[in-house]
Amino acid sequence: VAVLASGNPGIELSQAPLVLSGQPSTKEEMVDAEHPPAKPHWYERYVMPCLAELMGSTVFVFLGCLSVVENTEGTGRMQPALVHGLSVVPIVVMLENISGAHFNPVVSLGVWLIGGMKLIMLIPYCIAQLVGGILGAALTKAVASSGSYAITAGGAFNVIKTDSQIGPALGNEIILTTILMLVVCLSAANGQTKSPLAPVCAALTVAINILAGGAASGPCMNPARAFGPAVVANYWTYHWVYWVGPVIACLISSLLMRFVFGDRKMRLFLK
């Protein structure tokens, strides 16, 4: 889940004042031209965004796992779908101007592939997200009832039980994660289609995908969400599906943005 905002350290934004005909247009801008703003501190450029990804991933995974562990009988997929989806909005709005609000390793990879962030931040972002997933799952274990925790494997993805389910589950992860990635890229990163409703679009997509494909694979769409509870609950059965599917989806969506749907700055050809 992600929204690329002006606070994303990978997006280059000009700090220069507006200049008309070679001269500052107002007295205030003239002062700014004479005393340009100081460059962001290294802490704001490199450390704070990773801490924001850590905190956002922790909160998202905690709420998501808890919604599965404490899912009341009879609600089916409704409770996890709503919690995973609705939790995206406040977390993204709170942290988007600090880190871009990715909270998902494949989103960070996709953002880098379409030119939305610097390579130097990619690995730190992914590490922060995975550690956040572990912390969120640990918090779930600390507050959940032991009986419910054991039955649900701590919120880990345990839908796949046999080898015959691998194909449909993997396809489900690829398709639904591709949809999510395209929603994120088109509503938050693409210049022609960027919208202030990007957090809402991402949240609705997460909820809809879980309601639509919950029986096939979960779905996960986020390796950090799968990795955290797998570590804490030590549940690794078919865990690789929740990495391979989203990564393939990330590559597909990035190719579509680079060659088909991206704006002139993002597209590689036919500009």
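## A nonpolar patch on the surface

Seven residues, Leu255, Phe259, Val260, Phe261, Leu268, Phe269 and Leu270, form a nonpolar patch on the surface. Together they offer about 740 Å² of accessible area, a value from the Shrake-Rupley method with a 1.4 Å probe, where for residues only the protein chains shown count as cover. Patches are built from residues with over 30% relative accessible area and no salt bridge; nonpolar side chains (Val, Leu, Ile, Met, Phe, Trp, Tyr) are joined within 5 Å, and like charges within 9 Å. A salt bridge here is a side-chain nitrogen of Lys or Arg within 4 Å of a carboxyl oxygen of Asp or Glu.

One member, leucine 270, sits in the segment after α11. Leucine 270 is exposed, with a relative accessible area of 75%; exposed means over 50%, buried under 20%, and partly exposed in between (1.4 Å probe, protein chains only).

## About the model

This is a predicted model, in which local features need pLDDT of at least 70 and side-chain atom pairs count only at pLDDT 80 or more, while totals for chains, interfaces and linings use all residues. Residues are numbered from 1 along each chain as its sequence is written, and side-chain values use heavy atoms, leaving out hydrogens and water.

## The chain as a whole

Walking from the N terminus, you meet the elements in the order β-β-α-α-α-α-α-α-α-α-α-α-α, which comes to 11 helices and two strands. These are DSSP runs numbered from the N terminus: helices (H or I) have at least four residues and strands (E) at least two.

Of the 271 residues in the chain, 46% are buried. The chain exposes about 13000 Å², with 69% of that supplied by carbon and sulfur atoms. Among contacts (heavy atoms within 4.5 Å) with a separation of 6 or more, 76% are between residues 24 or more positions apart.

## Annotated spans

The unreviewed UniProt entry carries the annotation "transmembrane region" for residues 46-69, 81-103, 109-127, 134-157, 169-189, 196-216 and 240-261. Positions follow the numbering used here, feature names are shortened, and such annotations may be inferred rather than shown by experiment.

Two of these spans can be described further. Residues 81-103 are 78% helix and 0% strand, with end C-alpha atoms 17 Å apart. For residues 196-216, the figures are 76% helix and 0% strand, and the end C-alpha atoms lie 32 Å apart.

## Aromatic pairs

Rings of Phe, Tyr and Trp (its six-membered ring) pair if their centres lie within 6.5 Å; planes under 30 degrees apart count as stacked, over 60 as edge-to-face and the rest as tilted. The count comes to five aromatic pairs. Tryptophan 42 and tyrosine 43 make an edge-to-face pair, because their ring centres are 6.5 Å apart and their planes stand at 85 degrees. Tryptophan 42 is exposed at 54%, whereas tyrosine 43 is partly exposed at 34%.

Phenylalanine 259 and phenylalanine 269 are stacked, with 5.7 Å between centres and 25 degrees between planes. This pair links helix α11 (residues 241-261), home of phenylalanine 259, to phenylalanine 269 in the segment after α11, 10 residues apart. Phenylalanine 259 is partly exposed at 39%, and phenylalanine 269 is exposed at 52%. Elsewhere, ring pairs link Phe227, Trp236 and Trp243 into a cluster.

## Around asparagine 172

Asparagine 172 belongs to helix α8 (residues 166-189) and counts as buried at 14% relative accessibility. Leaving aside residues up to four places away in sequence, asparagine 172 touches Gly213, Ala216, Ser217 and Pro219. Asparagine 172 also lies 8.0 Å from glycine 245, C-alpha to C-alpha, although the two are 73 residues apart in sequence.
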